[in-house]
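Please open the model in the viewer and keep the sequence panel visible. The tour below proceeds one selection at a time.

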Amino acid sequence: MTTVFVSHPQDKFDHYFGQRALAQLRSVAEVRCNPEARELTLPELVDALDGCDALIAYRGTAGPEALFAARPQLAAFVRCAIDIRTVDVPAASRHGVLVTQASAGFIASVSEWTVGAMVDLGRGTSRYTAAYHAGEVPAPVMGRQLRGSTLGVVGYGQIARYLCDVALALGMQVRVAAPEAVPAQGALRPASLPALLAESDFVVCLAPAKPETHHLFDAAAFAAMRPGSFFVNAARGELVDEAALRAALDSGHLRGAALDVGMAPDQMPSPALAAHPRVVASPHIGGLTPPAIEHQALETVAQVGALVRGEMPPGAVNAGDATRVRRWPAFAATPA
């Protein structure tokens, strides 16, 4: 029987994999789990993979060449996330290891977090709450409503498109800056990045993390934003120059920022920046809802199930180089 190791730390298991996915995985494979409440070191992971045919990898589990070289039985690195940037895919291909990724299951949940963050920034909800919890009676301040405000969305992937639809339903004007074509529809208009920054009351970063987008939001970008506007990062920490963001907040040029990601471990907001009085921060929970997490966990189980049946699953990123998995009995019995 196929043996699968699940690398999720025990303190993350229920939130990021779950018992339903575990039960389904056990119906198609023998399962071993990370016994520690932390990520395993590379030597520990190599030891844990002794006799394992596949690895279902937590989002923080890296896939270096040393791992693939040390375990010749390991045939599949199944990432329980979209992000595979910490997986050395060329090395996996050289060693014949299949790499897969999950599709986005958190489109709605991240979009909802973003809307909630904009409401909080515009109305000061968490600031008032903190004052009341501290035994103070806060003075009410005029807020900014979303209806009639202009939302600038940088990036036009699945989350951005969903968010744009929600924003339009809320009565916002929407501007989108992205490399791909953005069709105009009603109050939604494509825009250059400089125009978007100058026109928007709320700017939401949903761009993909690539070498060319590193520090996309730097001092110049924040200076180009409308005075008194708000910035929201629901994408990746490396897209933002944190020193530049802090300076824009300190100067009062930006009225506030909301961060669900940052440069701390596991893409968490940096604690020093999260503590800024103009920042609303959460610990990378934009996609942390049961439907979002189950989508990816169950999809990875389905990918393993397909491999056990001798089928190449959707989400495979190097199927042509997956020579190890093709030695499995089900593949050997399947016509090429």
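Begin by selecting residues 116–286 of this predicted model. Over this stretch the chain is 32% helix and 18% strand, and the C-alpha atoms at its two ends lie 10 Å apart. The UniProt record, an unreviewed entry, gives residues 116–286 the feature "domain: D-isomer specific 2-hydroxyacid dehydrogenase NAD-binding".

Next, colour the chain by its domain division: domain 1 comprises 3–105 + 290–331, and domain 2 comprises 106–281. Nine residues from domain 1 and nine residues from domain 2 take part in the contact. Taken over C-alpha atoms, the centres of domain 1 and domain 2 are 33 Å apart.

Now turn to the interface. About 670 Å² is buried between domain 1 and domain 2, and carbon and sulfur atoms give 45% of that area. Select Arg 59, Arg 85 and Ala 104: together they supply 54% of the area that domain 1 buries against domain 2, more than any other three residues. Three salt bridges are found across the interface of domain 1 and domain 2.

Then display the side chains of Arg 236 and Asp 83, which form a salt bridge with an N to O distance of 3.4 Å.

Finally, select the cysteines. How many disulfides does a search of the whole structure find? The search finds zero. Cys 80 is buried, at 6% relative accessibility, and its sulfur cannot bond with the closest cysteine sulfur, in Cys 33, because 12 Å is too far. Cys 205 is also buried, at 0% relative accessibility; the closest cysteine sulfur, in Cys 164, is 13 Å from that of Cys 205, too far for a bond.

Notes. Residues numbered from 1 in each chain as written. Predicted model: local features only at pLDDT ≥ 70, side-chain atom pairs only at ≥ 80, totals over all residues. Heavy atoms only, no water. Disulfide = S-S within 2.5 Å. Buried < 20%, exposed > 50% of the residue type's maximum accessible area, 1.4 Å probe, protein only. UniProt positions renumbered as here; feature names shortened; annotations may be inferred. Helix = DSSP H or I, 4+ residues; strand = E, 2+ residues; numbered from the N terminus. Domains from an automatic or database assignment. Contact = heavy atoms within 4.5 Å. Buried area = accessible area lost by both parts, 1.4 Å probe. Salt bridge = Lys/Arg side-chain N within 4 Å of Asp/Glu carboxyl O.
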